[in-house]
Amino acid sequence: MTTTSPTQLPGRTESPAGFPGGTVEPDYFLTEALGTDPASVLTGISDEDRTYWDRARSFVQDEVLPVIDGYWERGEYPLHLLRRLGELDLLRDGVAVDGYAPMSSMAAGLVNMEISRGDGSVATMIAVQGGLALRSVAECGSAEQRARWLPAIAGGAEYAAFALTEPTHGSDSVALESTATRTDGGFLLNGEKKWIGNGSVGGVTIVWARGDDGQVHGYLVPQDSPGYTATKIEGKLALRAIWQAHIRLEDVFVPDANVLPGARTFKDTARVLLATRLGVAWSAVGHATACYETAVQYARQRKQFGRPLAASQIVQERLARMLSELATMQLMVVQMTRLDEAGMLAPEQASLAKYTCTRTARGIASNARDLLGGNGILLENRVARHLADIEAIHTYEGTETMQALIIGRGITGMSAFA
């Protein structure tokens, strides 16, 4: 029996004379960016915003796509890509930082979209480090805290995490039970947190806990603090190339200087979450774009019944349906981002964007995976990784059910949850 190495697949070496060449599967080239914009909704963006988008695309094509399948399959965290995001000024998620060029909400959305078109784990680095941690310090920190942490986090020189969710409080995170008890010179934190991106890689964690006054406050906690224990969550089937942690806090001392003075109630936490929810919608557009573009390229290259799949009526109908759904997502995130830039984005509108885009992206990914047939489950063909990662963004920053209830509250004027 003849064997081959993992990098020398059957049919991809020179075949001997007389070998039935029709049995040899060709290489498929599926990662080209097709510039998909069916409603021309992105043609009017500013040159400044396009510069960020182009930089993100080059990063994806040159540095992410060539390596990410291996990291995803092994469950390894490519921290060098997080640092590169900082070096390229793609990590800020629109947060203003002294010494950095302005980055609009539109630019931040385009970056989230493009990085997600490359990989969901790398996009989550932005969501965690920039969208949640950096924004928390920018909006709730003191002048000294902002000077110390914003440049370091934005540039990727320091890793940062955002610890809100608890093992027993996900959708009802407002009911979190981790405590911050006053002691001489600061506070003692106790409790557990779960699903905390970057929570075990070193750096700083912004921990949200309930103080003696019963309100939720934010605390800057170095991860090497005594009593801070973080365990990487194993067995994930999505976002495998970024680590989330289960954190235990046992009498972790936080000095007064590390308390975020602008985080006085859960409303301040919710303000940070509102801004990132729109970013998740943009990420869903990126995942959907990757699946659609992969399906188009595969349909052009894959031959069955003596012709390319793309020549089949049913395949063209499915591609048209996917493009229609993608156009709907693009129109929604662009309009919601315009509202955000005008200071007019309401919570239920951000929820509507995430609700619509993540659930639509699931459908596009499922359609693309089916169109690729058996090849659709292979990492090298992109779609399977995006299909799995969409399941994570469908849940984080608020599940579909919670988004629906926020939207429902806006429709009816009545809250169906606490």
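**View 1. The largest nonpolar core of the predicted model.** This core has 46 residues, of which Leu42, Leu110, Trp282, Leu319, Met329 and Leu371 touch the most other members. Two or more residues come from each of α4 (105–118), α7, α8 (313–341), α9 (347–371) and α10 (383–393). Helix α7 gives the largest share of the core, 13 residues.

**View 2. Surroundings of Leu42.** With neighbours within four places in sequence left aside, the contacts of Leu42 include Leu110 and Trp282, two of the residues that touch the most other members of the largest nonpolar core. Leu42 is also in contact with Trp53, Met113 and Val334. The remaining contacts are with Asp37, Arg50 and Gln330.

**View 3. Another nonpolar core.** Apart from the largest core lies another, of 31 residues. Among its members are Ala56, Leu91, Ile126 and Ala392.

**View 4. The largest cavity.** One cavity of 30 Å³ or more is found in a search of the whole structure. The volume of the largest cavity is about 80 Å³.

**View 5. Lining of the largest cavity.** The lining consists of Asp93, Asn112, Ala127, Gly131, Thr276, Gly279, Val280, Ser283, Tyr396 and Glu397. By class, these residues divide into three nonpolar, five polar and two charged. Helices α5 (120–140) and α7 (266–301) each supply at least two lining residues. The largest share of the lining, four residues, comes from α7; the largest share of the largest nonpolar core comes from α7 as well.

Notes:
Residues are numbered from 1 along each chain as its sequence is written. This is a predicted model: local features need pLDDT of at least 70, side-chain atom pairs count only at pLDDT 80 or more; totals for chains, interfaces and linings use all residues. Side-chain values use heavy atoms; hydrogens and water are left out. On a 1 Å grid over the protein atoms alone, a cavity is a set of points where a 1.4 Å probe fits but cannot get out, and a pocket is an open set with protein on both sides within 12 Å along at least five of seven lines; lining residues have an atom within 4 Å of a point. Grid points are joined across faces, edges and corners, and a volume is the space filled by probe spheres set on the points. Ala, Val, Leu, Ile, Met, Phe, Trp, Tyr, Cys and Pro count as nonpolar, Asp, Glu, Lys and Arg as charged, and the others, Gly among them, as polar. A nonpolar core is a set of buried Ala, Val, Leu, Ile, Met, Phe, Trp, Tyr and Cys residues joined through side-chain atoms within 4.5 Å. Buried means under 20% relative accessible area, exposed over 50%, partly exposed in between (1.4 Å probe, protein chains only). Contact means heavy atoms within 4.5 Å.
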